Amino acid sequence: MKKNVLMMGLAMMGLCAFTACSSDDDKKEESKIEILDAEYDAIINQYVDNVVLPTYNDLKTKNTALYNAVVSFGNAPSDANFQAVCNAWLTAREPWESSEAFLFGPVADYGLDPNMDSWPLDQEAIVKLLESQQWNEMEWTGDYDEDDEAIAAAQNVRGFHTLEFLAFRDGKARTLTDTAIDGEAANAVYNESNATAWAQYMRNTAQLLVKDVTTLVDAWNNGYAASFKSHNGGDFTSGLSCIEQLIDGCIDIAGEVGDAKIGDPYSLYVSGKTTEALYAVESWYSWHSRDDYTNNILSIRNAYYGSRDGSINANSLSKLVAKYNAPLDTKVKDAIKSAADAIQAIPQPFRNNINSSEAKAAMEACADLGDVLENELKPFLQDATK
């Protein structure tokens with residue numbers, strides 16, 4: 001009798017074990033994530049039509065306004081018009097920095113990024129150009145080659161930062177009564193003798209900015225946007241390939257902000273090269289560095305959220321990830337916010353706080369953001385896509 005009871009007990013235990021295993025297997029099958037490649041299409045369309053193109057259109061509008069402010073200064077030089085140029089520069093700068101999570105396609109192929117945003121500046125070459133007025137040295141022709149020294153030389157005397165140097169000094173607008181100090185070359189400041197050349201240099205630089213952004217907008221509108229959205233050939237052969245590009249752009253700028261824009265000056269400073277560290281700080285003439293870097297991080301947010309206003313669009317990568325992996329979506333969003341907040345926590349201006357604990361914390365936050373994007377978000381989507 002006891003033996004039969006024992007056998008029945010063992011049988012029941014086996015059945016329970018089998019049932020438990022079967023249940024676990026069923027749960028695993030049910031929990032397996034399979035994202036259809038077609039699910040990415042709405043996200044890609046939203047990204048292009050409501051993030052990339054509006055950002056570039058905004059950039060064109062605001063650079064046109066910047067050009068008009070520069071023309072007004074040239075027609076009637078005054079301290080007030082110098083200030084107006086600075087105000088317009090700050091306004092035009094925002095959409096550019098907010099586009100840096102998508103520095104692929106035409107902006108890279110045509111050399112438009114270094115055309116508009118080369119840094120550090122070749123200040124000595126800028127002063128020489130002011131003296132020679134050989135404005136043709138600002139332009140280059142032919143196919144873009146990033147290793148071409150002649151192209152690089154032209155790019156180093158144009159763009160946002162050249163205009164920043166010509167309009168700002170120590171975080172403020174220049175004045176008609178600028179005076180050279182601390183061994184500055186006389187022509188490194190605006191004065192009566194170089195006033196005409198100075199205004200012409202500003203005008204040429206602003207005009208080239210408009211030309212470059214027009215090229216950029218036209219290239220996206222006349223084929224590139226459609227090609228990217230259709231993803232049926234060339235660099236993009238699937239929805240996932242487009243999403244990978246979206247994420248790669250975010251990874252690149254997170255790394256650039258932390259490792260280069262903040263990291264390079266920091267490394268130079270702590271190694272004792274304080275002067276070199278200062279000149280390595282982007283946008284230090286305007287004291288706009290911290291906001292530039294924050295807008296770079298917000299460009300990641302915009303790409304991930306599918307919007308430009310901080311809202312999370314229904315057709316966004318964030319919504320898709322939240323659907324299949326809510327903890328990961330939260331982690332990405334928290335990392336974006338942490339990086340932006342850490343940059344804003346750096347005391348202003350960054351050029352005076354290069355080696356601060358806040359700067360170090362901002363570098364770490366950017367590294368954490370890049371790590372989440374590269375080692376968690378991207379592999380998750382690659383593994384889950386059917």
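**Close-up views of a predicted model**

**View 1. Ala180 and its surroundings.** Ala180 is partly exposed, with a relative accessible area of 33%. The model shown here and in every other view is predicted. Ala180 sits in the loop that links strand E2 (172-173) to H9. Leaving aside residues up to four places away in sequence, Ala180 touches Arg169, Ala185, Ala186 and Val189. How far apart in space are Ala180 and Lys261? Their C-alpha atoms are 28 Å apart, with the two positions 81 residues apart in sequence numbering.

**View 2. The buried side of helix H6.** Helix H6 spans residues 123-132. Which of its residues are buried? Ile126, Val127, Leu129 and Leu130 are. These four cover an arc of only 160° around the axis, so they lie on the same side of H6. The general rule is that an α-helix has 3.6 residues a turn, so residues three or four places apart point the same way. Among the elements covering the buried residues of H6 are helix H8 (160-167) and helix H9 (195-230). Just past the end of H6, Gln133 adopts a positive phi of about 60°.

**View 3. The cis peptide bond before Pro120.** Trp119 and Pro120 are joined by a cis peptide bond. Its omega is about 0°. Pro120 belongs to the loop between helix H5 (112-117) and H6.

**View 4. The cis peptide bond before Pro349.** Gln348 and Pro349 are linked by a cis peptide bond. Here omega is near -5°. Where does Pro349 lie? Pro349 is in the loop between H14 and H15.

**View 5. Packing of H14 against H15.** Two numbers describe this pair: the axes of helix H14 (residues 326-344) and helix H15 (residues 357-384) come within 8 Å, and they cross at roughly 160°. An angle over 145 degrees counts as roughly antiparallel. H14 and H15 are therefore roughly antiparallel to each other. The crossing of H14 past H15 is left-handed. On the H14 side, the contact is made by Leu328, Lys331, Val332, Ala335, Ile336, Ser338, Ala339, Ala342 and Ile343. On the H15 side, contributors include Ala361, Ala362, Ala365, Cys366, Leu369, Val372, Leu373 and Phe380. Glu358, Glu376 and Leu377 of H15 also take part.

**View 6. Packing of H2 against H9.** Helix H2 (residues 41-75) and H9 pack at an angle of about 165°. Their axes are 9 Å apart. Are the two helices roughly parallel or roughly antiparallel to each other? H2 and H9 are roughly antiparallel, because their angle of about 165° is over the 145-degree limit for that class. The crossing of H2 and H9 is left-handed. H9 also appears in View 2, where it helps to cover the buried residues of H6.

**View 7. Cysteines without a disulfide.** How many disulfides does a search of the whole structure find? It finds zero. Cys366 is in no disulfide. The cysteine sulfur nearest to Cys366 belongs to Cys250, 13 Å away. A pair of cysteine sulfur atoms must lie within 2.5 Å to count as a disulfide. Cys366 is buried, at 1% relative accessibility. Cys366 is also one of the H15 residues that make the contact with H14 in View 5. Cys86 counts as buried, at 1% relative accessibility.

**View 8. Positive phi at Asp170.** Asp170 is not a glycine, yet its phi is positive, at about 55°. The residue lies in the loop between strand E1 (168-169) and E2. Is Asp170 buried or partly exposed? At 39% relative accessibility, Asp170 counts as partly exposed.

**View 9. Positive phi at Trp287.** Trp287 is another residue other than glycine with a positive phi, near 60°. Its place is the loop between helix H11 (274-279) and helix H12 (289-305). Trp287 is partly exposed, with a relative accessible area of 29%.

**View 10. Asp235 in the loop after H9.** Asp235 lies in the loop between H9 and helix H10 (239-270). With a relative accessible area of 70%, Asp235 is exposed. What separates Asp235 from Tyr269 in space? Their C-alpha atoms are 40 Å apart, and the two residues are 34 residues apart along the chain.

How values were computed
Residues are numbered from 1 along each chain as its sequence is written. This is a predicted model: local features need pLDDT of at least 70, side-chain atom pairs count only at pLDDT 80 or more; totals for chains, interfaces and linings use all residues. Side-chain values use heavy atoms; hydrogens and water are left out. Buried means under 20% relative accessible area, exposed over 50%, partly exposed in between (1.4 Å probe, protein chains only). The arc is that of the directions from the helix axis to the C-beta atoms. Contact means heavy atoms within 4.5 Å. Axes are lines fitted to C-alpha atoms, for helices over the stretch in contact, and angles run from 0 to 180 degrees between N-to-C directions. Angles under 35 degrees count as roughly parallel, over 145 as roughly antiparallel, 65 to 115 as roughly perpendicular and the rest as oblique. A crossing is left-handed if the near helix is turned anticlockwise from the far one by less than a right angle, and right-handed if clockwise.
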